[in-house]
Amino acid sequence: MGSAGTIDEAFASQLLERIRAAMAARDVDAILDLATDDVIYDDMGSADAIRGKAEMGHLLRPLLERLSRADVRLVASFLGTDGESIAARWNVTAAPDAGSEPVELDYMSIYTIRESKVSRFTVIFRHSGWL
């Protein structure tokens, strides 16, 4: 983190690499470790935001654990002008179930940071049939 709690490039790079590695490993606990206890997970394709680590884990665990593999690539990232957010574009190639053909998914995430943790995950993508 930079001065006065603003996000700098080094912090953003480290956080995004930790998110990428956790997603590729399908490690929900590692993703939750990056979040504040009162985290908000807001999938723009859903009506309601998820609040808290337990609910976020309840949502993510079945999605990630059913993947037989996931190749996760950070396409681009940007620091928010507010000094408290990071936007990232991701490309994921994943096999939804063992033995199935891999599918590709592109999506954007906006991470709001508080005290060096993600306090809000905003995810923007079109839902695929395997999600």
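What percentage of the 131 residues of the protein chain count as buried? In this predicted model the share is 38%, where buried means under 20% relative accessible area, exposed means over 50% and partly exposed lies in between, with a 1.4 Å probe and protein chains only. Residues are numbered from 1 along each chain as its sequence is written, and side-chain values rest on heavy atoms, with hydrogens and water left out. Because the model is predicted, local features need pLDDT of at least 70 and side-chain atom pairs count only at pLDDT 80 or more, while totals for chains, interfaces and linings use all residues.

**View 1. The whole protein chain, with 3 helices and 6 strands.** Read from the N terminus, the elements follow the order α-α-β-β-α-β-β-β-β; helices (H or I, at least four residues) and strands (E, at least two) are DSSP runs, numbered from the N terminus. The radius of gyration of the protein chain is 14 Å, close to the 14 Å that the globule rule gives for 131 residues, so the chain is as compact as a globular protein of that length; the radius is taken over C-alpha atoms, and the rule is 2.2 Å times the number of residues to the power 0.38. Along the principal axes, the C-alpha atoms fill a box of roughly 50 × 25 × 25 Å. Of the contacts between residues at least 6 apart in sequence, 51% join residues at least 24 apart, a contact being heavy atoms within 4.5 Å.

**View 2. The aromatic cluster of Tyr41, Tyr111 and Phe121, linked by ring pairs.** Rings of Phe, Tyr and Trp (its six-membered ring) pair if their centres lie within 6.5 Å, with planes under 30 degrees apart counted as stacked, over 60 as edge-to-face and the rest as tilted. By this rule the count comes to 2 aromatic pairs. In one of them, the ring centres of Tyr41 and Phe121 are 6.4 Å apart and the planes stand at 40 degrees, so the pair is tilted; it links distant parts of the chain, with Tyr41 in strand E1 (residues 35–43) and Phe121 in strand E6 (residues 117–124), 80 residues apart. The rings of Tyr111 and Phe121 have centres 5.5 Å apart and planes at 85 degrees, so this pair is edge-to-face, and Tyr111 belongs to strand E5 (residues 103–114), 10 residues from Phe121 in sequence. Both Tyr41 and Phe121 are buried, Phe121 at 5% relative accessibility, and Tyr111 is likewise buried, with a relative accessible area of 3%.

**View 3. The surroundings of Val72 in strand E3 (residues 69–79).** With a relative accessibility of 10%, Val72 counts as buried. Leaving aside residues up to four places away in sequence, Val72 touches Arg20, Met23, Ala24, Trp90, Asn91 and Val92. The C-alpha atoms of Val72 and Arg20 are separated by 6.1 Å, although these residues are 52 apart along the chain.

**View 4. Arg26, a residue with a positive phi in the loop between helix H1 (9–25) and helix H2 (28–33).** The phi of Arg26 is about 55 degrees, although Arg26 is not a glycine. At 27% relative accessibility, Arg26 counts as partly exposed.

**View 5. Glu115, a residue with a positive phi in the loop between E5 and E6.** Glu115, which is not a glycine either, has a phi of about 50 degrees. Its relative accessible area is 73%, and Glu115 is therefore exposed.
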